[in-house]
Amino acid sequence: MKYIKCPRCGINYILPYQQHCSVCKDELEGRKSIFDTEDYDSLICPYCEKNTMDIDEVMCKQCAKRRSKKQTDD
Ligand SMILES: [Zn+2]
Ligand SMILES: [Zn+2]
């Protein structure tokens, strides 16, 4: 099978019948990686009001980490 370059990012290779590479596909579908905060379906953490978190999470990863640490000395 011959690979072609993804027309969108021009970095990744895709199969001819694919429109975009998986990275671009994720982006186009709004399922962006954790590092991209704005244009994806995420919420602002209510605890620090700074970081984003997934909809099914209670708090962001930082707060969760801080919390689990804090439990012992609080
Ligand atoms: Zn791409
Ligand atoms: Zn937080």
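Two residues are in contact if their C-beta atoms, placed from the backbone, lie within 7 Å. Keep that handy for the exercises below, and bear in mind that this is a predicted model.

**Exercise 1.** Work out what share of the contacts between residues at least 6 apart in sequence join residues at least 24 apart.

*Solution.* Start with the contacts in the chain whose partners sit at least 6 apart in sequence. Then keep those joining residues at least 24 apart: the share is 0%. Now look at burial: buried residues make up 4% of the 74 residues in the chain.

**Exercise 2.** Lay out the order of helices and strands, then find where confidence is lowest and highest.

*Solution.* Count the elements: the chain has two helices and four strands. Next, walk along the sequence, and you get β-β-α-β-β-α. Now for confidence: the chain averages a pLDDT of 83, with 78% of the residues scoring at least 70. Strand E1 (residues 4-5) comes out highest, at 96, while helix H2 (residues 61-73) is lowest, at a mean of 82.

**Exercise 3.** Place Val-23 and decide whether this residue is buried, exposed or partly exposed.

*Solution.* First, find Val-23 in helix H1 (residues 22-28). Next, count neighbours: there are 15 C-beta neighbours inside 10 Å, so Val-23 counts as partly exposed. Then skip anything within four places in sequence, and Val-23 is in contact with Cys-9 and Asn-12. Last, take Asn-12, which is 11 residues away from Val-23 along the chain; their C-alpha atoms are 8.3 Å apart.

**Exercise 4.** Say what stands out about the phi of Glu-49, and whether Glu-49 is buried or exposed.

*Solution.* Go to the loop between strand E3 (43-44) and strand E4 (52-53), where Glu-49 is found. Check the backbone: phi is positive, about 50°, although Glu-49 is not a glycine. Finish with the neighbour count: Glu-49 has 8 C-beta neighbours inside 10 Å, and therefore counts as exposed.

Methods:
Residues are numbered from 1 along each chain as its sequence is written. Chains are lettered from A and ligands numbered from 1 in the order in which they are written. This is a predicted model: local features need pLDDT of at least 70, side-chain atom pairs count only at pLDDT 80 or more; totals for chains, interfaces and linings use all residues. pLDDT is the predictor's confidence in each residue, from 0 to 100. A residue is buried if 20 or more other C-beta atoms lie within 10 Å of its own, exposed if 12 or fewer, and partly exposed in between; C-beta atoms are placed from the backbone.
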